[in-house]
Amino acid sequence: MSLREYQRKRHFTETPEPAGSETEAADTSPHPAAPLHFVVQKHRARQLHYDFRLEWDGALLSWAVPKGIPTDPKTRRLAVRVEDHPLEYGTFEGRIPEGQYGAGTVEIWDEGEWRPDDSSVNAALRRGELRFHLMGKRLKGGWVLVRTRFGETRSKQQTWLLIKRKEDAVAPRGAAAGAQRER
Ligand code: MN
C-alpha cells in the first residue's frame with residue numbers, strides 16, 4: 001500500500017482531509033481475528049458518488065461508486081478503483097474547498113466491520129474478484145467486487161463491478177467456512 005498518489009493529489013494546507021502518515025504499512029496481513037473496518041462516504045463533488053473504502057494492510061482500499069452500494073442482487077454497480085486512502089480518512093467528514101481535488105462535501109453514509117471471504121485479500125485483488133461480508137449499520141451481508149476486462153484499457157483507473165450476493169445471512173464466523181458454505 002502506498003499513499004503517494006493520495007498525497008500527490010492534495011494540498012494539505014488547503015484541505016481539511018488527513019495527510020496520512022509516511023510510515024510504511026506492514027507487508028503482512030493483519031491478525032485474522034482483528035476487526036477490519038469499512039466506510040461508505042457520500043461525496044457531493046462535481047458529481048455525487050459514494051466512496052467505498054475497505055481497511056487493508058494499514059490503508060483504505062478505495063472505490064468510487066457513482067450510484068451507491070447495491071442492495072439488490074440483480075443490480076450491478078460500476079465501482080472505479082481509486083488511490084488508497086490513509087486509515088484516518090475513514091472518520092473524515094467535512095467540506096473540501098473549491099479548487100481542491102474532490103471539492104465538495106463528504107459525509108459518512110455507513111460504517112462498520114468487514115470480513116474477506118477469501119484467505120488472501122491480496123491474491124483476490126490481483127485476481128480481480130474480492131468476496132466479502134459487510135457488517136455495517138445499513139449494509140449487512142455478502143458482496144463481491146469483480147474487475148472488468150475493459151477495466152484498465154481506457155485510462156489508468158480500474159473499473160470494477162460491485163454486486164450484492166444473493167445469500168443474506170449474517171457473516172459466518174470463519175471466513176473460510178463462509179466461502180465454502182456459499183459455493
Ligand atoms: Mn470521492
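User: In what order do the helices and strands of the protein chain run from the N terminus on?
Analyst: This is a predicted model, in which local features need pLDDT of at least 70, side-chain atom pairs count only at pLDDT 80 or more, and totals for chains, interfaces and linings use all residues. Residues are numbered from 1 along each chain as its sequence is written, and side-chain values use heavy atoms, with hydrogens and water left out. Helices (H or I, at least four residues) and strands (E, at least two) are DSSP runs, numbered from the N terminus. The chain has 3 helices and 9 strands, and their order is α-β-β-β-β-β-β-α-β-β-β-α.

User: What share of the 183 residues of the protein chain counts as buried?
Analyst: Buried means under 20% relative accessible area, exposed over 50%, and partly exposed in between (1.4 Å probe, protein chains only). For the 183 residues of the protein chain, the buried share is 46%.

User: Is Trp 56 buried or exposed?
Analyst: Trp 56 belongs to strand S2, which covers residues 48–56. Its relative accessible area is 5%, so Trp 56 is buried.

User: Which residues coordinate the manganese ion?
Analyst: Donors are N, O and S atoms within 2.8 Å of the metal (3.2 Å for Na, K and Ca); water is not among the atoms, so sites may look incomplete. The donor residues are spaced H-x5-H-x1-D in sequence. At 2.2 to 2.3 Å, the coordinating residues are His 43 (ND1), His 49 (NE2) and Asp 51 (OD).

User: How many Å separate the C-alpha atoms of Trp 56 and Asp 84?
Analyst: Trp 56 and Asp 84 are 28 residues apart along the chain. Their C-alpha atoms are separated by 9.5 Å.
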